[in-house]
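Trainee: I should like to learn how charged pairs, helix faces and a nonpolar core are read from a model. May we take them in turn?

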Amino acid sequence: VGIYQPGYRISPDLMKKLSEKREHLIELIVSIFDGEDVSSLESKIKTLGGNIIEISPRGGKIRLAISTNKIADLVCLSGVRQF
């Protein structure tokens with residue numbers, strides 16, 4: 001088993017949108033790994049300027065709005081599985 005690289009975490013559809021190279025606000029649903037500290041991840045997302053819209057009751061997903069220029073930082077956060 002190898003390292004789960006940040007590039008594996010971004011869906012191909014999102015990559016197409018990001019290739020537009022203009023900054024805008026985007027809404028995402030971020031899947032997180034089981035057992036992750038959701039409140040810590042929520043704090044890190046807010047530090048990046050993200051706005052938490054909803055956290056799933058089971059804690060496996062976070063819906064948020066964030067600027068496209070912060071996606072590279074978001075993808076590197078520990079605990080983020082995919083978006």
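Mentor: Let us begin with exposure. In this predicted model, Glu 27 has a relative accessibility of 48% and therefore counts as partly exposed, since it lies between the limits of 20% and 50%.

Trainee: With which residue does the side chain of Glu 27 meet in a salt bridge?

Mentor: Side chains of opposite charge can pair when their charged atoms come close. Here the partner of Glu 27 is Arg 63, with 2.8 Å from N to O. The pair links distant parts of the chain, as Glu 27 belongs to strand E1 (residues 25–32) and Arg 63 to strand E3 (residues 61–67), 36 residues apart. Arg 63 is partly exposed, its relative accessible area being 28%.

Trainee: Which other residue is linked with Glu 27 and Arg 63 in a network of salt bridges?

Mentor: Glu 54 completes that network. Its side chain meets that of Arg 63 in a salt bridge of 3.5 Å, N to O. Glu 54 has a relative accessibility of 43% and is classed as partly exposed.

Trainee: How many salt bridges does the count come to?

Mentor: The count comes to three. One of them joins the side chains of Glu 42 and Lys 46, at 3.4 Å from N to O.

Trainee: How are Glu 42 and Lys 46 placed in helix H2?

Mentor: An α-helix has 3.6 residues a turn, so residues three or four places apart point the same way. Glu 42 and Lys 46 are four residues apart in helix H2 (residues 38–47), and so about one helical turn separates them. Lys 46 is partly exposed, with 48% relative accessible area.

Trainee: Which residues of H2 are buried?

Mentor: Val 38, Leu 41 and Ile 45 are buried in H2. Viewed down the axis of H2, its buried residues fall within an arc of 65°, so they line one face of the helix.

Trainee: What covers the buried residues of H2?

Mentor: The cover includes strands E1, E2 (51–55), E3 and E4 (80–82), together with helix H3 (71–75). Just after H2, the backbone has a further feature to note: Gly 49 takes a positive phi of about 95°.

Trainee: Let us turn to the nonpolar core. Which residues of the largest nonpolar core touch the most other members?

Mentor: They are Leu 28, Leu 74 and Phe 83, in a core of 20 residues. E1, H2, E3 and H3 each supply at least two residues of this core, and E1 gives the most, with four. Leaving aside neighbours within four places in sequence, Leu 28 is in contact with Leu 14, Ile 62, Arg 63, Leu 64, Ile 66, Ile 71, Leu 74 and Phe 83. Arg 63, listed among these contacts of Leu 28, is also a member of the salt-bridge network described above.

Trainee: Finally, is Ser 67 buried or exposed?

Mentor: Ser 67, which lies in strand E3, has a relative accessible area of 15%; as this is under 20%, Ser 67 is buried.

Trainee: Which side chains does a polar contact join to that of Ser 67?

Mentor: There are contacts with two residues to read: the side chain of Glu 23 at 3.0 Å and the side chain of Asn 69 at 2.6 Å. Not counting residues up to four places away in sequence, Ser 67 touches Glu 23, His 24 and Leu 25.

Notes: Residues numbered from 1 in each chain as written. Predicted model: local features only at pLDDT ≥ 70, side-chain atom pairs only at ≥ 80, totals over all residues. Heavy atoms only, no water. Salt bridge = Lys/Arg side-chain N within 4 Å of Asp/Glu carboxyl O. Buried < 20%, exposed > 50% of the residue type's maximum accessible area, 1.4 Å probe, protein only. Arc of directions from axis to C-beta. Contact = heavy atoms within 4.5 Å. Polar contact = N/O pair within 3.5 Å; in protein donor to acceptor, adjacent residues only side chain to side chain. Core = buried A, V, L, I, M, F, W, Y, C linked by side-chain atoms within 4.5 Å.
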